[in-house]
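Morning, everyone. I have one structure to walk through today. Please have a look at it first.

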Amino acid sequence: MFRGTSTLQKIIELARATFTPKPSLISSSSKAVSVYKPHPADLETLRSEMDHLTLENLGLKSLNNERDINMPSFFVGKPKITCYTLHECENFAIAIFVFPWAGEIPLHDHPKMTVFSKLLYGKLKVRAFNWLPMKYQSDVIPPDPQDGKPKHARLAQLVQNDIITPQTLTRIAYPDYANVHSFSALQPSAMFDILSPPYHDHDRPITYFKEISINNLDDQEEELDDDDEEGEENEEEDDEDDFDENGVKLEKYWLHPDFQDDFVCEEGYLPKES
């Protein structure tokens, strides 16, 4: 496996110190499933160190090929994403995801996982969601946008809709915040990720989603209402979970599980020595 530089080795050691379970920080749920919660100070130390990551201090050059860099995606199908695994153990995995022009990692979740992301070069659009509490989940599920049939959709709030560059500080997706997200390349890009714990087929399987704005559905329903009733309904629907910490109303979406059959993420290989 790629050994990298002292910078990469320092990141690995910090991740090991952060994500290796300490008995005093393991909590048990009612189902007796242990959940490890790293100390906030350890998370912040790791985030701060990742803020300084570059291709150069990782001992790498651009990971995009000539076609990725010089040609927008006019070919048929979705552009392939390449994943270079730098380190993997029981408690965490480190990888670099490489995006060609218009490359996209579709909306997906991270069950009981914490994810650090730092863009090394390029420009990405990021959309991230929080699941709404169960008391706000509706029994009325909208039809799937593809086949019109109801699916096991859940309500979520859009909490991030940003464009990131190498100057953007390291982003963290927590088990309970921004845990469902997508990335779309506006330029050829490479993103350094730490996932803890790694995905697991049985305990932590990945699920992909498609989104449909609940606001669009509300607009269709409101067309059938009188103006006065419409105002009353909007007033009733506003509650504290509709706003962020700055008092800005959040957008709600239905997230439908989706197989994403046309999404391809292939494994890349770096030299053992660099």
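One term before we start: a residue is buried when under 20% of its relative area is accessible, and exposed when over 50% is. Also, keep in mind that this is a predicted model.

Let's put that term to work on strand S4, residues 93-99. Which residues cover its two faces? On one side, we have Ala93, Ala95, Phe97 and Phe99. On the other side, Ile94, Ile96 and Val98. Every one of these is buried, so both faces are covered. That is 7 of the 7 residues, so S4 is largely enclosed by the rest of the structure.

Now the neighbours of S4. Strand S3, residues 81-88, pairs with S4 in the antiparallel sense, over 6 bridges. One pair to look at: Tyr84 has Ile96 in S4 as its bridge partner. S3 and S4 make a hairpin, with 4 residues between the two strands.

S4 also pairs with S11. That pairing is antiparallel too, and it runs over 7 bridges. Two pairs help to set the register. Ala93 stands opposite Leu195 in S11. Phe97 stands opposite Met191 in S11.

So what about S11 itself? It covers residues 189-196, and 8 of its 8 residues are buried. Here too, both faces are covered. Ser189, Met191, Asp193 and Leu195 sit on one side. Ala190, Phe192, Ile194 and Ser196 sit on the other. Note that Asp193 is among the buried residues.

S11 has another partner, strand S6, residues 114-121. S6 and S11 run antiparallel, joined by 7 bridges. In that pairing, Tyr121 has Ala190 in S11 as its bridge partner.

Next, a helix. H1 takes in residues 6-19, which is 14 residues. Does the length come out right or wrong? At 1.5 Å a residue, H1 should span 20 Å, and its end C-alpha atoms are 20 Å apart, so the two agree. The buried residues of H1 are Leu8, Ile11, Ile12, Leu14, Ala15, Thr18 and Phe19. Seen down the helix axis, they fall within an arc of 165 degrees, so they line one face of H1. The general background is this: an α-helix has 3.6 residues a turn, so residues three or four places apart point the same way.

Now the cysteines. How many disulfides does the structure hold? The count is 0. Take Cys83 as a case. Its closest cysteine sulfur is in Cys265, 5.1 Å away, and that is too far for a bond. The cut-off is 2.5 Å between the sulfur atoms. As for cover, Cys83 has 10% relative accessibility, so it counts as buried. Cys89 has 28%, so it counts as partly exposed.

Last, the whole chain. The protein chain has 5 helices and 14 strands. Of its 274 residues, 40% are buried. Look at contacts with a separation of 6 or more: 81% of them join residues 24 or more positions apart. The chain exposes about 15,600 Å², and carbon and sulfur atoms supply 51% of that.

That's the tour. Over to you.

Methods. Residues are numbered from 1 along each chain as its sequence is written. This is a predicted model: local features need pLDDT of at least 70, side-chain atom pairs count only at pLDDT 80 or more; totals for chains, interfaces and linings use all residues. Side-chain values use heavy atoms; hydrogens and water are left out. Buried means under 20% relative accessible area, exposed over 50%, partly exposed in between (1.4 Å probe, protein chains only). The expected span of a helix is 1.5 Å times one less than its number of residues. The arc is that of the directions from the helix axis to the C-beta atoms. Two strands pair if DSSP finds at least two bridges between them. Contact means heavy atoms within 4.5 Å. Accessible areas come from the Shrake-Rupley method with a 1.4 Å probe; for residues, only the protein chains shown count as cover.
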